[in-house]
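Work through the exercises below with the sequence and the three-dimensional view side by side. Try each task before reading its solution.

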Amino acid sequence: MDYLLQFLTHTQSSFLFTSLDFWLFLSVALAGFSLCYKRPQTRNTFLLACSFFFYYKTGGYFIFILLLSIVLNYGIGLQIDAVRPRQKRHWLSIGILANLLILVIFKYSAFFTQIFNAIFCTSIPAIDYFSASSPTSPAENGIFLLKNIIPPIGLSFFTFQAISYLVDLKRGTTQVVKNIGDFSFYLCFFPQLVAGPIIRAGQFMPQLQRHYMLSAKEFSIALFLILSGLIKKIVFADYISLHLSAPVFADPDSFCSLEKWLALYAFSLRIYCDFSGYTDIAIGIAALFGFQLPVNFREPYKASSLTDFWRRWHISLSTWFRDYLYIPLGGNRHGKARCCLALILTMLAAGLWHGAGMGFLLWGGVHGLLLCLEKITGWHHQAGKSRPRQVLGWFLTFNIVSLAWILFRSPDLHCASSLLSGLFQPMEWSRMPDILQTYRASLLLMTLAFVFCILVPEHTKKNIERLFSKSPMMVKFLLAFATAILLFLVQSHTANTPFIYSNF
């Protein structure tokens with residue numbers, strides 16, 4: 001009884017797909033869903049309640065920011081639909097500015113204040129009164145400063161989802177949602193609420209009134225995605241992070257250049273396994289409830305150019321920036337100079353979307369400049385025309401992306417500079433036996449992840465999925481049970497770390 005009371009009342013940032021409490025919650029949600037799935041409106045209302053509870057458990061009092069976003073964008077959406085065509089732009093501008101204001105207050109206040117103070121030599125104090133009511137926000141002498149603001153979990157995801165709805169409504173590519181319950185469900189469906197994929201209203205809203213159908217094949221694929229996603233996250237991402245990449249990124253000066261290179265590639269594999277693992281689990285869970293989420297990854301580390309990489313990596317975000325920022329800025333319709341300017345501004349915005357810090361901004365800028373170079377030289381068209389060029393393009397792209405991750409991952413620019421410079425110091429090959437012995441488990445997992453992410457053809461992965469789908473139910477159960485034991489054993493040697501993109 002005490003555990004149940006604590007489960008219902010206490011918030012916890014670790015209430016995510018890798019926690020036992022989440023799977024207890026999901027079991028209850030599926031049991032309740034089984035009682036109402038035949039009535040679409042009742043089903044949607046029940047899942048909405050589950051989504052609110054899920055966000056409360058992960059975000060605590062910040063659920064009020066989610067509710068504010070729902071009411072704000074629902075009301076502005078009604079206005080955009082009701083007014084004359086000339087007035088739609090004004091309401092759209094109000095909606096975008098209001099959403100961006102919420103982002104600025106809760107995600108970028110400290111960053112922009114630091115920049116302002118640095119430029120004008122000021123020391124402006126700022127207090128976050130909302131965080132004072134949150135049990136998860138640390139205080140200094142009873143004052144909640146800007147540097148202590150904890151951004152609402154998933155803020156960037158549901159904000160961008162809301163903006164896409166308003167823009168599509170103004171463009172006439174989606175219909176207004178007049179039921180606030182349906183709109184709330186669209187904005188906060190719990191499988192994708194805290195880390196995407198970012199869903200367009202035109203993709204999701206028609207599914208609300210569909211009658212629930214889940215074939216044996218669809219169930220098998222959903223189960224396969226959930227199991228594979230958990231393996232990616234716990235077995236690969238968490239273990240590699242804890243035992244290799246995290247220690248080196250935290251204190252790069254304590255490690256040799258060879259260890260730094262290993263940590264660099266370890267983080268490249270870790271962030272992919274972590275984020276694509278979340279996406280797999282989210283798509284699988286949504287499928288159990290009868291909803292289809294968009295694909296978010298298409299083997300990005302097989303890309304032969306940066307342009308190709310961004311067509312494969314975090315697809316829902318890259319297409320969001322393409323449709324709502326890059327193309328409105330001119331895209332590739334007004335010459336290469338305008339195209340490059342649009343690319344750089346878009347990638348700078350993408351960098352800031354990921355985090356309020358100079359490292360993220362520089363990460364976006366590096367990608368923007370290199371994408372411009374590809375546009376000017378035409379390399380993104382040439383890379384796939386022959387096998388040697390494709391291999392060369394893959395080698396350059398993978399290493400460029402990996403090196404850029406240094407800016408993304410490092411806690412500050414000093415750490416990033418130290419790690420980057422340390423990569424190009426003389427290799428201490430005499431330490432190779434000790435390194436192989438020290439990191440043998442991590443290196444084995446890195447090798448397996450590398451083979452799976454890059455070397456195994458896509459059709460082979462599909463064949464494995466089909467083989468699982470066609471296997472008897474008892475075999476599926478035994479495989480799921482074996483996977484659960486494996487995850488339990490591995491997790492006992494790792495920290496139960498949140499998904500990387502849940503921080504955004």
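## Exercise 1: A proline in a loop

P197 is placed in the loop between α7 (180-188) and α8 (201-204). The model is a predicted one. Determine whether the peptide bond from G196 to P197 is cis or trans.

*Solution.* Look along the bond that leads from G196 into P197 and read its omega angle, which is near 5°. With that angle, the bond is cis.

## Exercise 2: Two residues with positive phi

Find where E299 and H314 lie, and decide for each whether the residue is buried or exposed.

*Solution.* Begin with E299, which is found in the loop between α10 (257-288) and α11 (306-312). Its phi is near 45°, a positive value in a residue other than glycine. The relative accessible area of E299 is 11%, and because buried means under 20%, this residue counts as buried.

Turn next to H314, whose place is in the loop between α11 and α12 (315-326). The phi of H314 is also positive, near 45°, and H314 is likewise a residue other than glycine. With a relative accessible area of 0%, H314 is buried.

## Exercise 3: How two helices cross

Describe how α13 (residues 335-354) and α14 (residues 358-377) are arranged, and state which residues make their contact.

*Solution.* First, take the axes of the two helices, which come within 7 Å and cross at roughly 155°. Angles over 145 degrees count as roughly antiparallel, and therefore α13 and α14 are roughly antiparallel to each other. The crossing of α13 and α14 is right-handed.

Next, list the contact: on the side of α13 the residues include K336, C339, L343, M347 and G351, and on the side of α14 they include F360, W363, G364, H367, L371 and K375. Sorted by class, the residues of the contact of α13 with α14 are 15 nonpolar, 6 polar and 2 charged.

Now repeat the steps for α2 (residues 20-36) and α3 (residues 40-59), whose axes come within 9 Å and cross at roughly 165°. That angle makes α2 roughly antiparallel to α3, and the crossing of α2 and α3 is right-handed. Among the residues that make this contact are F22, F25, A29 and F33 of α2, together with R43, F46, C50 and F53 of α3. By class, the contact of α2 with α3 holds 11 nonpolar, 2 polar and 1 charged residues.

## Exercise 4: Helix length and surroundings

Check whether the span of α14 agrees with its number of residues, and then find what covers its buried residues.

*Solution.* The helix α14 has 20 residues, so at 1.5 Å a residue it should span 28 Å, and its end C-alpha atoms are 28 Å apart, which agrees. Among the buried residues of α14 are G359, F360, W363, H367, C372 and E374. The cover over the buried residues of α14 includes α11, α13, α15 (379-382), α16 (387-409) and α17 (413-423). After α14 comes G378, whose phi is positive, near 75°.

The same check can be made on α10, whose 32 residues should span 46 Å at 1.5 Å a residue; its end C-alpha atoms are 46 Å apart, which agrees. This helix is mostly covered, with 30 of its 32 residues buried. G290 follows α10 and has a positive phi, near 90°.

## Exercise 5: Distance in sequence and in space

For S164 and R409, which residues are in contact with each, leaving aside neighbours within four places in sequence?

*Solution.* S164 is found in helix α6 (residues 155-171), and at 0% relative accessibility this serine counts as buried. Leaving aside its neighbours within four places in sequence, S164 is in contact with Y186, I199, R200, W320 and Y324.

R409 lies in helix α16 and is partly exposed, with a relative accessible area of 24%. Under the same exclusion of neighbours within four places in sequence, R409 is in contact with A246, F249 and F267. To relate sequence to space, note that R409 and E465 are 56 residues apart in sequence and 32 Å apart in space, C-alpha to C-alpha.

Conventions
Residues are numbered from 1 along each chain as its sequence is written. This is a predicted model: local features need pLDDT of at least 70, side-chain atom pairs count only at pLDDT 80 or more; totals for chains, interfaces and linings use all residues. Side-chain values use heavy atoms; hydrogens and water are left out. Helices (H or I, at least four residues) and strands (E, at least two) are DSSP runs, numbered from the N terminus. Buried means under 20% relative accessible area, exposed over 50%, partly exposed in between (1.4 Å probe, protein chains only). Axes are lines fitted to C-alpha atoms, for helices over the stretch in contact, and angles run from 0 to 180 degrees between N-to-C directions. Angles under 35 degrees count as roughly parallel, over 145 as roughly antiparallel, 65 to 115 as roughly perpendicular and the rest as oblique. A crossing is left-handed if the near helix is turned anticlockwise from the far one by less than a right angle, and right-handed if clockwise. Contact means heavy atoms within 4.5 Å. Ala, Val, Leu, Ile, Met, Phe, Trp, Tyr, Cys and Pro count as nonpolar, Asp, Glu, Lys and Arg as charged, and the others, Gly among them, as polar. The expected span of a helix is 1.5 Å times one less than its number of residues.
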